[in-house]
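Please open the model in a viewer and keep the selection tool at hand. The stops below indicate what to select next and what is to be found there.

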Amino acid sequence: IECYLDDDEGDFQQKVFPYIRGECGHAMVMWGGGGVASDSEDVDVVEDLRLALWRKLPNLIKLDAIATVQLVAELFVSEFDTILTSLKQNERCQFDFLRTIISGNLTDADPMT
């Protein structure tokens, strides 16, 4: 995630969103799709990915708030409270995140949202 966000080229930075979807999809397959990890190694992989995403959430919001909210809605909607808590230290990003949700722009970007 960091490699994408640290790059100077905007088009390359945008590729972080499909990358996260792919990694999370892989993690869910490791879980067997049922939400229960098969062993402690699987739990560690999923937890590491989740923590990395939480740490980079402000950067993702600054890069593209709509894409970030869509990503969260697709993969982590059940952890909305955790996401808001993780953004408390960065009130501007928390505001941008919430504003994006209520703005109506999500339906313009993706009718499934």
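**Helix α7 and the nonpolar patch**

Begin by selecting Phe 95, which is found in helix α7 (residues 91–103); helices here are DSSP runs of H or I with at least four residues, strands are runs of E with at least two, and both are numbered from the N terminus. This is a predicted model, in which local features need pLDDT of at least 70 and side-chain atom pairs count only at pLDDT 80 or more, while totals for chains, interfaces and linings use all residues. Residues are numbered from 1 along each chain as its sequence is written, and side-chain values use heavy atoms, with hydrogens and water left out.

Phe 95 has a relative accessible area of 44% and is therefore partly exposed; buried means under 20%, exposed over 50%, and partly exposed in between (1.4 Å probe, protein chains only). Add Leu 84 to the selection: the C-alpha atoms of Phe 95 and Leu 84 lie 9.7 Å apart, with their positions 11 residues apart in sequence.

Next, select Phe 80, Leu 98, Ile 101 and Ile 102, which form a nonpolar surface patch with about 350 Å² of accessible area together. Patches consist of residues with over 30% relative accessible area and no salt bridge; like charges are joined within 9 Å, and nonpolar side chains (Val, Leu, Ile, Met, Phe, Trp, Tyr) within 5 Å. The areas come from the Shrake-Rupley method with a 1.4 Å probe, and for residues only the protein chains shown count as cover. Helix α7 supplies the largest share of the nonpolar patch, 3 residues. Ile 102, found in helix α7, counts as exposed because its relative accessibility is 73%.

**Salt bridges**

Remain on helix α7 and select Asp 96 and Arg 92, whose side chains meet in a salt bridge (3.4 Å, N to O). The criterion is a side-chain nitrogen of Lys or Arg within 4 Å of a carboxyl oxygen of Asp or Glu. Asp 96 and Arg 92 are 4 residues apart in helix α7, about one turn of the helix. Asp 96 is buried at 14% relative accessibility, whereas Arg 92 is exposed at 52%. Extend the selection to Arg 99: salt bridges that share partners join Arg 92, Asp 96 and Arg 99 into one network.

How many salt bridges does the structure hold? There are 5 salt bridges in the structure. One of them is formed by Arg 21 and Glu 74, whose closest N and O atoms are 2.7 Å apart. This pair links distant parts of the chain, with Arg 21 in helix α3 (residues 16–31) and Glu 74 in helix α5 (residues 65–75), 53 residues apart.

Then select Arg 50 and Glu 79, a salt bridge with 3.3 Å between the closest N and O atoms. Arg 50 lies in helix α4 (residues 40–63) and Glu 79 in the loop between α5 and α6 (80–86), 29 residues apart. Are these two residues buried or exposed? Both Arg 50 and Glu 79 are buried.

**Aromatic pairs**

The structure holds 4 aromatic pairs. Select Tyr 4 and Phe 12: the ring centres are 4.9 Å apart and the planes are at 25 degrees, so the pair is stacked. Rings of Phe, Tyr and Trp (its six-membered ring) pair if their centres lie within 6.5 Å; planes under 30 degrees apart count as stacked, over 60 as edge-to-face and the rest as tilted. Add Tyr 19 to see the cluster in which ring pairs link Tyr 4, Phe 12 and Tyr 19.
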